[in-house]
Amino acid sequence: MLRRAEPILRARVIDALSHRFDSRVELDHFHVHFLAGFQVSGSGLKLFPNDLDMDKPLFAVDEFSFRTTWQGLLRAPMYVDRVNLKGMHIQMPSKDQRQNIPKLNGSAGDGKNKIFVGQIEVDGASLVLATNKPGKVPMNFEISHITLQSVGAGQPMKFHAILTNPKPIGNIDSTGYFGPFDAHHPGDSPVRGDYRFSHADLNTIKGIGGMLSSIGKYDGTLNHIVVDGETDTPNFSLDSANHPMPLHTKFHAIVDGTNGDTHLQSVNAQLLHSHIIAVGDFVRIPQGGHNLTLDVTVGPARIEDMLRLAVKTVPPIMDGDLKLKTKFFLPPGKISVSQKLHLKGTFEVTNATFTNDKVQEKVDELSLRSQNRAKEAKNIDKQNPDAIASQMRGEFQLADSKLTFNSLQYNVPGADIALNGVYSLDGNQFDFHGNARLKAKVSQLMTGWKSVLLKPADPFFSKDGAGTEVPIQITGTRSAPKFGLDFHHKDKDNHGGDNSSDKNKH
């Protein structure tokens with residue numbers, strides 16, 4: 001009997017799998033050892049469904065082992081407490097062929113199954129969902145370890161899975177229930193549980209950095225999973241600035257587990273002192289990867305938080321209250337996030353002051369002179385001036401690591417300035433041009449003999465017989481900003497080119 005145990009048990013395993021999965025079964029190696037009952041090991045297990053024409057097996061296992069007692073061997077069906085698998089591979093065909101996937105036959109008590117398994121331990125599993133769409137790559141899921149507990153045919157299977165997320169690299173630990181599995185429509189298979197995502201290294205995504213952790217729960221079917229969770233990243237950063245900042249989010253999303261598409265119905269985030277709300281989609285594209293599109297509303301917020309996150313300048317060029325709305329688009333690709341990120345929207349900054357003393361002194365002086373307070377402007381206390389707040393609003397667009405401003409309105413008491421220009425995220429480029437409307441006349445901007453000499457010029461720069469209107473420019477770098485009149489730029493706009501004879505006019 002002991003001599004015949006191995007071929008009998010091998011035949012029983014093949015027969016049980018063949019009946020259960022309606023498949024042709026291949027089994028390369030099968031061995032039985034008689035120590036404290038039956039110990040079984042094998043390798044090269046493959047299942048080819050009878051109604052599917054597949055080059056690769058639907059199920060394959062590199063190595064397996066299990067042990068049963070004498071009592072378990074003699075039971076009908078034979079009971080195996082636990083099976084250990086190494087390298088389990090599931091190759092799901094494209095949707096047009098899935099109706100031919102064999103439906104699981106029988107149950108533990110129908111008298112036909114020869115083996116019943118209580119628990120399965122899997123080390124190293126992969127699930128591939130094939131597609132018949134040209135140019136679309138198959139979905140591939142990798143699981144480092146999973147425990148499955150059978151509770152009977154037609155009932156959900158309890159699982160505990162540990163996954164290594166490829167990007168960002170991190171560990172996902174999830175416990176829940178899956179099934180019963182719908183072989184004809186896998187996406188309709190129920191799933192529910194909770195997860196913990198830890199030690200997710202955002203540095204594996206080019207352009208951003210930080211260590212993320214997340215917890216949450218999910219419920220639904222594979223193609224419609226409702227996920228509620230939150231994330232914490234105490235040191236989130238962008239490579240355009242590399243200034244770590246705390247970021248916390250709460251989110252509600254719908255996930256299609258068959259292709260990875262995620263619909264973010266609500267993202268509520270706090271970045272330092274700034275509140276951010278976003279909705280949008282993370283959708284797979286035929287070329288590979290996912291497009292991320294969001295509608296983002298920022299506020300109440302602080303402009304210095306946004307600048308600290310995105311711009312290298314230390315400290316940020318200004319402080320103030322911020323409101324912002326923007327379209328956010330991030331395509332896939334190997335270049336850094338700051339280089340491929342696209343933004344387009346509107347903003348408003350109020351109660352703004354500049355952190356650069358030279359810039360703020362210019363603002364204070366501009367405001368005072370524009371209000372016909374030239375004497376006060378001349379005697380500003382350079383060590384501790386009373387900073388005059390600025391207000392800004394306008395339209396902006398971010399592309400290629402540069403912020404382009406259209407219809408930028410800049411206001412201080414006594415002056416209204418309209419500008420268009422570009423500001424680079426590295427803080428090394430300012431290039432703004434526009435017009436300034438001042439309450440004071442040209443002669444009132446100065447004191448003493450200069451004011452007298454400028455009296456004849458008042459009519460040439462006045463607007464509607466009052467105040468002053470002049471073209472201006474702001475250029476240079478963060479360490480050396482340059483403010484001045486801009487007759488040359490206006491002349492270029494009128495003549496469509498550079499007129500070198502006018503270069504000394506500004």
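Start with the whole chain: of its 506 residues, 42% count as buried. The model is predicted. Its secondary structure comes to 9 helices and 24 strands. About 27,100 Å² of the protein chain is exposed, and carbon and sulfur atoms supply 54% of that area. Now look at the contacts between residues at least 6 apart in sequence: 51% of them join residues at least 24 apart.

**Colour by confidence**

The average pLDDT of the protein chain is 83, and 86% of the residues score at least 70. Select residues 106–111. Here pLDDT stays under 50, and the model has 10 contacts beyond four places in sequence for this stretch. Next select residues 493–506. Here too pLDDT stays under 50, with 15 contacts beyond four places in sequence. Where pLDDT is low, the predicted coordinates should not be read in detail.

**Two cis peptide bonds**

Go to Gly-179 and Pro-180. A cis peptide bond joins them, with omega at about 5°. Pro-180 sits in the loop that runs between strand S8 (169–178) and strand S9 (190–201).

Jump to Gly-299 and Pro-300. Their peptide bond is also cis, with an omega of about -5°. Which element holds Pro-300? Strand S16, residues 290–302.

**A covered helix**

Move along to helix H3, residues 303–310. Show its surface: the helix is mostly covered, with 7 of its 8 residues buried. Pick out the buried ones by name: Ile-303, Glu-304, Asp-305, Met-306, Leu-307, Leu-309 and Ala-310.

**Two positive phi angles**

Most residues other than glycine have a negative phi, and most peptide bonds are trans. The next two stops have positive phi values.

Select Asn-372. Its phi is positive, about 65°, although the residue is not a glycine. Find Asn-372 in the loop between helix H5 (357–370) and helix H6 (374–378). Is Asn-372 buried or partly exposed? With a relative accessible area of 43%, Asn-372 is partly exposed.

Finish at Asp-400. Phi of Asp-400 is near 55°, again a positive value in a residue other than glycine. Where is Asp-400 placed? In the loop between strand S19 (390–399) and strand S20 (402–412). Asp-400 has a relative accessible area of 59%, so this residue counts as exposed.

Conventions
Residues numbered from 1 in each chain as written. Predicted model: local features only at pLDDT ≥ 70, side-chain atom pairs only at ≥ 80, totals over all residues. Heavy atoms only, no water. pLDDT = per-residue confidence, 0-100. Contact = heavy atoms within 4.5 Å. Buried < 20%, exposed > 50% of the residue type's maximum accessible area, 1.4 Å probe, protein only. Helix = DSSP H or I, 4+ residues; strand = E, 2+ residues; numbered from the N terminus. Areas by Shrake-Rupley, 256 points an atom, 1.4 Å probe, with all protein chains shown as cover.
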